[in-house]
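Welcome! Let us take a walk through this structure together, one stop at a time.

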Amino acid sequence: MKLLLAEDEVSLARALVRILEKNNYTAEAVYNGEDALAYLETGEYDAAILDIMLPKMDGITVLKKLRASGNTTPILILTAKSEVDDKVLGLDSGANDYLTKPFDTKELLARIRVMTRGP
């Protein structure tokens, strides 16, 4: 299963890619919203993990543009923004799930499994 990770904190992105690959995912990282949108528009990903606070284009804008174009790639928002209004905005903008930092790796992996489960 191929995942895209959009995370501007490079050390966290590298650690997450290692964790995902250790758990049998193929993972690619990008570090800004413009790249996230461009990569996701190719349709080559089974799911994506998207931070909200990204340079060049924030994650909510990326998500809204994807959904407006008809892209249904499952998206998990992984962010430090933990207020209820932030969560509601993310989910209402088209995210399949929302997880706040700090997070437990086991929970992240479980949420990816749920989000990518077939019908």
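How many residues apart are Arg111 and Glu107 in helix H5, and what separation along the helix does that give? Before we answer, keep in mind that this is a predicted model. The two residues are 4 apart in helix H5, so about one helical turn separates them. They form a salt bridge, with the closest N and O atoms 2.7 Å apart. Glu107 is partly exposed, at a relative accessible area of 33%, and Arg111 is partly exposed too, at 23%.

Arg111 also forms a salt bridge with Asp97, where the closest N and O atoms are 2.7 Å apart. Asp97 belongs to strand E5 and Arg111 to helix H5, so this pair ties together parts that are 14 residues apart in sequence. With a relative accessibility of 18%, Asp97 counts as buried.

Next, look at Lys101, which forms a salt bridge with Asp51, the closest N and O atoms being 3.5 Å apart. Lys101 sits in the loop between E5 and H5, and Asp51 in the loop between E3 and H3, so the pair ties together parts that are 50 residues apart in sequence. Asp51 counts as buried, at 3% relative accessibility. Lys101 has another feature worth finding: a cis peptide bond joins this residue to Pro102, with omega at about -5°. In total, the structure has 7 salt bridges.

Now turn to helix H2, residues 33-40. Which of its residues are buried? They are Gly33, Ala36, Leu37 and Leu40. These four cover an arc of only 95° around the axis, which puts them on the same side of H2. A general rule helps here: an α-helix has 3.6 residues a turn, so residues three or four places apart point the same way. The buried residues of H2 pack against strands E1, E2, E3 and E4, and against helix H3. At the N-terminal end of H2, Asn32 acts as a cap, with a side-chain oxygen 3.0 Å from the backbone nitrogen of Glu34.

Our last stops are two loop residues. Most residues other than glycine have a negative phi. Asn24, however, has a positive phi near 70°; this residue lies in the loop between helix H1 and E2 and counts as exposed, at 70% relative accessibility. Lys56 likewise has a positive phi near 70°. You will find Lys56 in the loop between E3 and H3, where it is exposed, with a relative accessible area of 63%.

Definitions and conventions:
Residues are numbered from 1 along each chain as its sequence is written. This is a predicted model: local features need pLDDT of at least 70, side-chain atom pairs count only at pLDDT 80 or more; totals for chains, interfaces and linings use all residues. Side-chain values use heavy atoms; hydrogens and water are left out. Buried means under 20% relative accessible area, exposed over 50%, partly exposed in between (1.4 Å probe, protein chains only). The arc is that of the directions from the helix axis to the C-beta atoms. Contact means heavy atoms within 4.5 Å. A polar contact is a pair of N or O atoms within 3.5 Å; within protein, one must be able to donate a hydrogen and the other to accept it, and residues adjacent in sequence count only if both atoms are side-chain atoms. A salt bridge is a side-chain nitrogen of Lys or Arg within 4 Å of a carboxyl oxygen of Asp or Glu.
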